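Me: I should like to understand how the terms used for a protein model follow from their definitions. May I put some questions on the structure below?

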Amino acid sequence: MPSSIPRSAGRTVARSAAVSAVVAAALAAGLLAGSTNAAADDAAGVRIHDIQGTTRVSPLVGKQVTGVTGIVTGVRTYGSRGFWIQDPEGDANPATSEGLFVFTSSVPTVAVGDAVSLNGTVTEYVPGGLNSGNQSLTQISKPVITVVSKGNAVPAPVTISSWSVPDEYAPEGDAAAGSINGLTLDPETYALDYYESLEGTNVRIDSSRVVGATDPYSELWVTVKPWENPTSRGGTVYGSYESQNTGRLQIQSLTPTAQQPFPKANVGDRLTGTTEGPLDFNQFGGYTLTARTLGTVVDRGLERESTDKQHKNELAVATYNVENLDPSDPQEKFDALAKAVVDNLASPDILALEEIQDNNGAKNDGTVAADQTVKKFTDAIVAAGGPAYEWRSVDPENNKDGGEPGGNIRQVFLFNPERVSFTDRAATEPTSATAVTGHKGHAALTVSPGRIDPANSAWESSRKPLAGEFVFRGRTVFVIANHFGSKGGDESLVSHHQPPVRSSEAKRLLQAQSVNGFVKQLLAVEKQADVLVVGDINDFEFSGTTKALTEGGALYPAVKSLPRGERYSYVFQGNSQVLDQILTSPGVHHFEYDSVHINAEFADQDSDHDPQVLRFRP
């Protein structure tokens, strides 16, 4: 994808056909409120607020409209090409937007300030398709445009601010389908209704704090509510399903980056001055201010964290998702990750890695071994001044553990043999399961390293847990490295279903139950066994997944020992949230926990996850 095309626009290049297909399907199925069999009827003399209506779906969807007038407030010449118009004279109804997107498919020939009159078809475009659960964008398609005059003043922007955005996020969906599409907008009560009432409208924000760093698609996130669930480093914590953080807003620029580079910003920086432009809705973040005028980023000097060095009688265990690492990655990536292990993680005694790919990465040729990947990484750690880590893992079956096809991602244990030893017990195949045995109250694994419950359907097309038995200062420590199923398929926070459907949770719930059951087997043999469940759990500390992992008191999510403003390992759409975790058994006493923020808050990342470290005395 060219660097000048933001993701949310650039992935809709084939939108013309998609609009027709989506609308046709919706009309046929009656899925969009306002669908009628009179779709071909003409509507003459309507104004923009008549098209927008008082719900999320236009009452004129599918109809031809003529003589729709407005002032051009923004033009997009890339990706989803088109322009926005706005009626300078509103109807005084806060539920109806006075702005509208006009989809042209080709580069628009109008300019900001043009007064236009147009004919076209009212359509509801659902970014991501009907099955995504996303709300739709009301627009005019296949327009016939007449420029009436040029150089007109753009309608004054609506200021989005801390006082204008309601604190309550969204209404409850209707009883039949859980959808809010047919509900009359209440912009004074609900944040999603407020933003929807401004769809297509020229809006502005004043100086705001960045809560989501600039991404590869030239986007960033700000909050207009600086006090809303703040992190200690300038972000916004997603601490419950009811804490969606209504002040978040995505920012893009209407100027292609080839003409004007998009500013690089980290969490905690400030987007100062005025940022102004039409309010769009897209698949990758929902409501988005597409800036005609973009403010200036002021660097607030966010620094990458470093954890404390463990004392000689403390065991330091860490987990780090290294994001599809394979030997074809640039040496610079290996060196940067290695430097972080040494300098930011203080060379932990045990390091569980997620997303280690096989020796030729995504080349789909049956290769499953990852010894070259791991060697290149451990060599880089030594070169960075770290220990000569040894490693253990179990190669997966080819293309059976999900992830990038051909990549065969897996978990890998690194351990410092100067500090800790690994108990190798029996060779294992990827389909063989380790089990719990014991003698005189001392638990052990039948296979180490070994995979937990690999035949369980919960792990189909997913990474199987890797269990290992370590010894530190004469004490056995069990570590279970995990990479649970992704959130792919879940509806976004801006779904028309409220609450959104989180379909991916079902798989992680079964995975959590599997791991919880294994931990309980260890504790049944040795009540005070030191067990650490670590990795990319792909779910929040308040989720049903985490509750299933901890069921019966078998485990405790160590991230909960941190202040609420420090509980996060990932930033998604401006929400700082937990995905990576270390959970402890009751025998693990008096630990110190650290979510080491070195990636997720930064525009320049070695991985999109922050590593986690736990120190304790076995």
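Me: Which residue of strand 14 does Q250 stand opposite?

Reply: In this predicted model, Q250 stands opposite T288 of strand 14.

Me: What makes strand 11 and strand 14 a pair?

Reply: Two strands pair if at least two bridges are found between them. Strand 11 (residues 248-253) and strand 14 (residues 286-291) have four bridges, in the parallel sense, and therefore they meet the definition of a pair.

Me: Why are strand 7 and strand 15 said to stand at the edges?

Reply: The nine strands of this open, mixed sheet run in the order 7-8-13-14-11-10-9-12-15. Strand 7 (158-159) and strand 15 (296-298) each have a single partner strand, so one side of each lacks a neighbour in the sheet.

Me: How do you know that the span of helix 5 is close to the expected one?

Reply: The expected span is 1.5 Å times one less than the number of residues. For the 14 residues of helix 5 (331-344) that gives 20 Å, and the helix reaches 19 Å from its first C-alpha to its last.

Me: What do the buried residues of helix 5 pack against?

Reply: Buried means under 20% relative accessible area, and F334, L337 and V341 are among the helix 5 residues that are buried. The buried residues of this helix pack against strand 16 (315-325), strand 17 (350-356) and helix 6 (371-383).

Me: Which residues touch the most other members of the largest nonpolar core?

Reply: Of its 32 residues, these are I160, Y195, I205, V222 and L249. Helix 4 gives the most to this core, with four residues.

Conventions
Residues numbered from 1 in each chain as written. Predicted model: local features only at pLDDT ≥ 70, side-chain atom pairs only at ≥ 80, totals over all residues. Heavy atoms only, no water. Helix = DSSP H or I, 4+ residues; strand = E, 2+ residues; numbered from the N terminus. Buried < 20%, exposed > 50% of the residue type's maximum accessible area, 1.4 Å probe, protein only. Contact = heavy atoms within 4.5 Å. Core = buried A, V, L, I, M, F, W, Y, C linked by side-chain atoms within 4.5 Å.
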